[in-house]
Amino acid sequence: MKNCYEPFPMHIERIVIETTDTTLKSFELTFDREADRKDFFVKYNPGQFCQLSIFGKGEAPIGIASAAWEGDFVRFTVQKLGKFTSAIHAMHVGDPIGMRGPLGNGFPLDKWKGMNILVIGGGCAFSTLYAMTKHILHPSHRADYAEITALYGTRNSGLCLYKPVIEEWHNRNDIVVHQAIDVPEDNWKYHIGFVPAVLEEMAPKPDNTVAVLCGPPVMTKFTLPILTKLAFPPERIYTSLEKRMKCGVGHCGRCNIGHKYVCKDGPVFTLKELQELPNEI
Amino acid sequence: MQAKWISKKELKKLLTAWTKHYLVYAPIDNDHELAFQMVKEPARIVVDGYSNTRYPAKSLFLPQSEVLMKYDGILHSVENTEKEKILFGIRPCDAHAMQLLEHALVDVENPDLYWKQKRESAIVISKACIAPEETCFCTAVGGSPFNTADSDVLLVEMGEDYCVYVLTEKGISLCKELPDAEDTQLQAVKKLTKKVVGRMPVLLPKQELHNALMASFETEFWKDVSQSCLGCGVCTFLCPSCFCFDIVDETVRKERVRNWDTCMFRTYSLEASGHNPRPTKVERTRQRIMHKFAYWVDLIDEIGCTGCGRCVKYCPVNIDIREIAEKALHREFEGMKK
Ligand SMILES: Cc1cc2nc3c(=O)[nH]c(=O)nc-3n(C[C@H](O)[C@H](O)[C@H](O)COP(=O)(O)OP(=O)(O)OC[C@H]3O[C@@H](n4cnc5c(N)ncnc54)[C@H](O)[C@@H]3O)c2cc1C
Ligand code: SF4
Ligand code: SF4
Ligand code: FES
């Protein structure tokens, strides 16, 4: 039987510097062992995360930023912060790295079939939303959903992730993309302002629509009341949570909110579920 | 269930015989401190005359520090070398705690194999408490000093003998040679049980307590009850039903290790961004109590404290989980501001 704490061996296939300040890089990892690859793609659902492992630096939970159809690799977009994330930022193409996953629940994409999807992302938390949107936009999935609208805000244009692909989304007719930056810049064609304000201006209709929200805590805090004001019911507002984690499988006790473990029962929760739990985000 | 009978002298012989076929872990007196250890000299086993060990027996299954993997370019799980063993002399509260840990660590999808293999290879012989301590309150949380649940065999000290309750197949294989207890002997055990349990605290209304705690969450109650806490973590490290662990890399030894951890430490929930959902001892104390008396009830409809009393007895500033539960139950938080 498989040891749930043992990472499997991967290699870094490609590195992309995402932001002009270089604090965010994407790493595309490939599998050393065929069995691990198979196992991963059988289980993977957008919104899930993995524990990446570098011996000596420990592990860090990182959201999966690629859709399965993109190829036999898994993308992670990592912000340089502390011990682990600095170590991975110093790594090169060809370096070995460990991985456990996919972990957590992910987005309930089957449940959303036939509905409009409103994607709201802020800063570097956009990664799993990106994977989900890519998944939905694939020709074999797109017809399962109604209108797709994305609102993505960053402090400035340089901090926007996945620039070439998001540029391309602007030109598609099967998704409406709104981009926002906090303060004006030369040649900026899109919104200026914080995500909650832009959302209020957009005033999306709540009918037959799910809102999926991932962003820094302040953005989430101020965006939820706007969604409520726009009459989105709490059971159709989804968000992905972060907590400090270790095991990633609900055993080490670390990431609980009430009786739920964010690693195992989450990281995706509806606002309704969160309202039923103790207020300890 | 079978009820058997054995004299103290015969039990000593039986213990010695078991050590020839099994690894036996039992309370051993070490510098005046009892702890569960592997038995090398059966004569050193302490069978009677104490209430419980300070250090919990969970350490035999979830060690304080345990090597999970070794590193040689990639991480390899350490091999399972568990042999069949007997855990002798554990209290019914601690036996029950192992059941709680089983629930926390073993699920269908991702079982914790380190725990599972150790637990499955163990035969649990527990010992009823005929003289519970002032700090014991198993009866308040659904247990009993004579509880037969979660053990393979339960011994009850009866003067110069023991009554031996054989509870599972594993137990039967160990005790099949013993004579059955007689009716008069069983009557005496019943009488003793009634007498001892009668002196213990009454059962807490678990759902009412759960609801009260949930209602107290955002009140000043927690500031009040956590005031003197030092954040040392003793209450959780010694708790038989606490299971939190940390995973760390020992780079010199080239090992990935897990160590007991505690929700009573600041760094436990501190995130890399600097955000901490439990920044002070107020939230951390609340987590400790709520986990035992509210979240476990949500999860399995059972209180996650077994009433062993260790956290009460060994807290350096006398924080008493029983008092906190009573206060919450009496809704002392009502009227305390948010
Ligand atoms: C479900 C989930 C998805 C995430 N997705 C991403 C992502 O896509 N990109 C990204 O850049 N970051 C993501 N994070 C946050 C990321 O895990 C932390 O920034 C990272 O663990 C910090 O590790 P460190 O060693 O650099 O920092 P240190 O402060 O040195 O952390 C030490 C250890 O603490 C733990 N830890 C600290 N902060 C966090 C945290 N916020 N969340 C979880 N564990 C933590 C880790 O075990 C880490 O190894 C995610 C977190 C979670 C829970
Ligand atoms: S909370 Fe205290 S009394 Fe309850 S099981 Fe843990 S140590 Fe024992
Ligand atoms: S043992 Fe007492 S002082 Fe130490 S952390 Fe627990 S409650 Fe606080
Ligand atoms: S990370 Fe261990 S329980 Fe969630």
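**Exercise 1. Find which side chains make polar contacts with A:E70 in this predicted model, and decide whether A:E70 is buried or exposed.**

Solution.

Step 1. Start with the polar contacts. The side chains of A:E70 and A:R75 are joined by a polar contact of 2.7 Å. A second polar contact, of 3.0 Å, runs from the side chain of A:E70 to that of A:K134.

Step 2. Place the residue. A:E70 sits in the loop between β4 (58-63) and β5 (73-79) of chain A.

Step 3. List the neighbours. When residues up to four places away in sequence are not counted, A:E70 touches A:A65, A:R75 and A:K134.

Step 4. Apply the cut-off. Buried means under 20% relative accessible area. The relative accessibility of A:E70 is 18%, so A:E70 counts as buried.

**Exercise 2. Determine which parts of chain A the salt bridge between A:E28 and A:R75 ties together.**

Solution.

Step 1. Identify the pair. The side chains of A:E28 and A:R75 form a salt bridge, with a distance of 3.2 Å from N to O.

Step 2. Assign each residue to its element. A:E28 belongs to strand β2 (residues 24-31) of chain A and A:R75 to strand β5 of chain A, so the bridge ties together parts that are 47 residues apart in sequence.

Step 3. Check the surroundings. Both A:E28 and A:R75 are buried.

Step 4. Extend the picture. A network of salt bridges links A:R14, A:E28, A:E70, A:R75 and A:K134. Over all chains, the whole structure has 44 salt bridges.

**Exercise 3. Classify the residues of two further salt bridges, A:D144 with A:K113 and A:E276 with A:K272, as buried, partly exposed or exposed.**

Solution.

Step 1. Take A:D144 and A:K113, whose closest N and O atoms are 4.0 Å apart. A:D144 lies in the loop between α4 (139-142) and β8 (148-154) of chain A, and A:K113 in the loop between β6 (96-103) and β7 (116-122) of chain A, so this pair connects parts that are 31 residues apart in sequence.

Step 2. Compare with the cut-offs. Because its relative accessibility is 28%, A:D144 counts as partly exposed. A:K113, with a relative accessible area of 42%, is also partly exposed.

Step 3. Take A:E276 and A:K272, whose closest N and O atoms are 3.5 Å apart. A:E276 has 55% relative accessibility and therefore counts as exposed. A:K272 is partly exposed, at 37%.

**Exercise 4. Describe the largest nonpolar core and state where it lies with respect to the domains of chain B.**

Solution.

Step 1. Begin with the members. The core has 44 residues, and those that touch the most other members include A:Y5, A:V262, B:F61 and B:W115.

Step 2. Trace the elements. Among those that supply at least two residues each are α8 (262-265) of chain A and, from chain B, β4 (65-71) and α2 (92-105). The largest share, six residues, comes from α2(B).

Step 3. Locate the core. Domain 1 (2-198) and domain 2 (206-329) of chain B both contribute residues, so the core lies between them.

**Exercise 5. Name the strands that pair with β4(B), and give a bridge for each.**

Solution.

Step 1. β4(B) pairs in the antiparallel sense with β11 (residues 255-260) of chain B over five bridges. One bridge joins B:S65 to B:N259.

Step 2. β4(B) also pairs in the antiparallel sense with β5 (residues 75-77) of chain B, over three bridges. Here B:M69 has B:S77 as its bridge partner.

Step 3. Look at the turn. The hairpin of β4(B) and β5(B) has three residues between the strands, and B:G73 takes a positive phi near 105° there.

Methods: Residues are numbered from 1 along each chain as its sequence is written. Chains are lettered from A and ligands numbered from 1 in the order in which they are written. This is a predicted model: local features need pLDDT of at least 70, side-chain atom pairs count only at pLDDT 80 or more; totals for chains, interfaces and linings use all residues. Side-chain values use heavy atoms; hydrogens and water are left out. Helices (H or I, at least four residues) and strands (E, at least two) are DSSP runs, numbered from the N terminus. Buried means under 20% relative accessible area, exposed over 50%, partly exposed in between (1.4 Å probe, protein chains only). A polar contact is a pair of N or O atoms within 3.5 Å; within protein, one must be able to donate a hydrogen and the other to accept it, and residues adjacent in sequence count only if both atoms are side-chain atoms. Contact means heavy atoms within 4.5 Å. A nonpolar core is a set of buried Ala, Val, Leu, Ile, Met, Phe, Trp, Tyr and Cys residues joined through side-chain atoms within 4.5 Å. Domain bounds come from an automatic or database domain assignment. Two strands pair if DSSP finds at least two bridges between them.
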